[in-house]
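Hi everyone, thanks for making room for me today. I'd like to walk you through one structure, so please have the sequence and the model open as we go.

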Amino acid sequence: MELGGDSGVGGLLGTPPGLGGDAGPLPNGFGAGAPPSPPVNAKAAILISNVCSMGGAGEGGPRSDPPNPRGGPQTSPLREEHVTCVQSILDEFLQNYGSLIPVSADEVVEKLEDIFQQEFSTPQRRGSVQQLMQSYQRLPGNALLRGFRVSYKRHVLTMDDLQTLYGPNWLNDQVMNMYGDLVMDAVPDKVHFFNSFFYDKLRTRGYEGVQRWTKNVDIFGKELLLIPIHLEVHWSLVAVDVARRRITYFDSQRTLNRRCPKHICRYLQAEADKKERPDFREGWRGAFKMNVARQNNDSDCGAFVLQYCKFLALGRPFSFTQQDMPQLRRLMYKELCHCKLSL
């Protein structure tokens with residue numbers, strides 16, 4: 001195996017740094033039956049149909065706010081029907097997502113503008129919407145729905161899993177693995193995403209410990225292999241361009257884990273022998289990809305890895321930065337609940 005550098009970084013050969021073990025698998029609920037989602041609140045449904053569907057109070061169309069006696073744009077506070085509609089919108093979001101974690105004030109404002117055909121993006125009105133959202137979440141039972149579940153193939157995500165996408169939390173294996181399946185399903189037959197426990201098993205037990213993991217998969221028939229790496233409390237990614245025999249290591253903290261690409265290379269060679277594919281036995285090269293978006297905290301490594309996976313699978317250049325992570329976390333939460341990537 002010949003290992004070279006990328007972006008001015010030297011080869012991967014050398015004394016490898018110490019590697020820690022995985023923090024340990026979390027319960028993943030594989031095979032567990034998911035209880036049905038809570039029924040939609042009947043009162044909320046009535047409010048949505050009877051209040052939020054109307055364009056205004058009058059029969060002649062949307063009712064305008066009274067004119068501002070001081071001139072300038074109207075910034076009057078929300079009226080009672082607006083407040084009622086906001087509560088109904090939040091009820092619907094809560095039923096769809098189990099919490100308001102993925103919901104922004106801008107989304108509620110946009111819905112209000114569609115419903116009432118008025119402007120709600122003024123600072124005063126938007127601030128009122130934010131206050132209503134905060135008050136709504138403080139009501140008993142509205143912070144999150146504990147019985148909420150997302151089921152997809154063999155995956156079952158609970159609220160505990162989904163909450164790892166909130167704020168500075170570390171993403172867990174359940175979120176990582178279900179999102180990886182969504183990535184594969186977005187580009188059928190092109191990508192194979194390895195389970196997040198694959199690398200640790202390979203590292204500790206060798207090829208014999210993982211040879212059955214691809215029993216029904218021809219990885220050499222794929223264009224791209226995505227292998228999440230979880231060591232101690234940090235996520236990184238190995239992406240394998242099968243046709244070019246190239247193993248690339250992505251790390252949002254730009255650490256140099258020299259041993260990891262070597263493990264993957266030996267795995268690919270052993271798999272080629274096992275599947276009797278001598279054409280994939282030699283020629284593998286490894287590199288670190290250093291010119292990628294970099295995290296500036298200690299918690300977004302998993303979010304970066306999932307975005308790497310999505311953009312690589314779709315063949316898109318990385319266009320996200322650390323500043324995009326709060327919005328991308330909310331988007332990933334929704335994608336998981338809808339069981340489909342937003343393309």
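How many bridges join β2 to strand β3, and do the two run parallel or antiparallel? There are 4 bridges, and the strands run antiparallel. Before I go further, please keep in mind that this is a predicted model.

Let's stay with that hairpin for a moment. Strand β2 covers residues 149–152, and its side chains alternate. Val-150 and Tyr-152 point to one face and are buried, while Arg-149 and Ser-151 point to the other face and are not buried. If you follow Ser-151 across to β3, you arrive at its bridge partner, Val-156. The hairpin has 2 residues between the strands, and Lys-153 takes a positive phi near 55° there.

Now let's zoom out. The protein comes to 10 helices and 8 strands. Of its 343 residues, 49% are buried. Among contacts between residues at least 6 apart in sequence, 67% join residues at least 24 apart.

Next, please find β7 and β8. These two strands are joined by 5 bridges and run parallel. One of the pairings to look for is Thr-248 with its bridge partner in β8, Ala-287. To get from β7 to β8, the chain passes through helix α8, residues 259–274, and this β-α-β crossover is right-handed.

On to the rings. Searching the whole structure turns up 20 aromatic pairs. Take Tyr-249 and Phe-288: their ring centres are 5.4 Å apart and their planes sit at 80°, so this pair is edge-to-face. Why does the pair tie together parts that are 39 residues apart in sequence? Because Tyr-249 lies in strand β7, residues 246–250, and Phe-288 lies in strand β8, residues 285–289. Tyr-249 has 3% relative accessibility, so it counts as buried. Phe-288 counts as buried too, at 1% relative accessibility.

Set beside that the pair of Phe-318 and Phe-320, which is tilted, with 5.5 Å from centre to centre and 45° between the planes. Phe-318 is partly exposed at 26% relative accessible area, whereas Phe-320 counts as buried at 5% relative accessibility. Both belong to a cluster linked by ring pairs, which takes in Phe-250, Phe-304, Tyr-308, Phe-311, Phe-318 and Phe-320.

Some rings have a charged neighbour as well. Arg-125 lies over the face of Phe-120, 4.4 Å from the ring centre. Back in the other part of the chain, the charged end of Arg-245 sits over the ring of Trp-284, at 6.0 Å from its centre.

I've kept a lysine for last. Is Lys-310 buried or exposed? Lys-310 is buried, with a relative accessible area of 5%. You'll find this residue in helix α9, residues 301–314. Which side chain does the side chain of Lys-310 join through a polar contact? That would be Glu-335, at 2.8 Å. Leaving aside residues up to four places away in sequence, Lys-310 touches Tyr-179, Val-183, Leu-331, Glu-335, Leu-341 and Ser-342.

That's my tour, and thanks for following along. If you'd like to look at one place again on your own screen, I'd suggest Lys-310, a buried lysine whose side chain has a polar contact with that of Glu-335.

How values were computed. Residues numbered from 1 in each chain as written. Predicted model: local features only at pLDDT ≥ 70, side-chain atom pairs only at ≥ 80, totals over all residues. Heavy atoms only, no water. Buried < 20%, exposed > 50% of the residue type's maximum accessible area, 1.4 Å probe, protein only. Pairing = 2+ DSSP bridges. Phe/Tyr/Trp six-rings, centres within 6.5 Å; stacked < 30°, edge-to-face > 60°. Lys NZ or Arg CZ within 6 Å of the ring centre and 35° of its normal. Right-handed = clockwise from strand over helix to strand, strands pointing away. Polar contact = N/O pair within 3.5 Å; in protein donor to acceptor, adjacent residues only side chain to side chain. Contact = heavy atoms within 4.5 Å.
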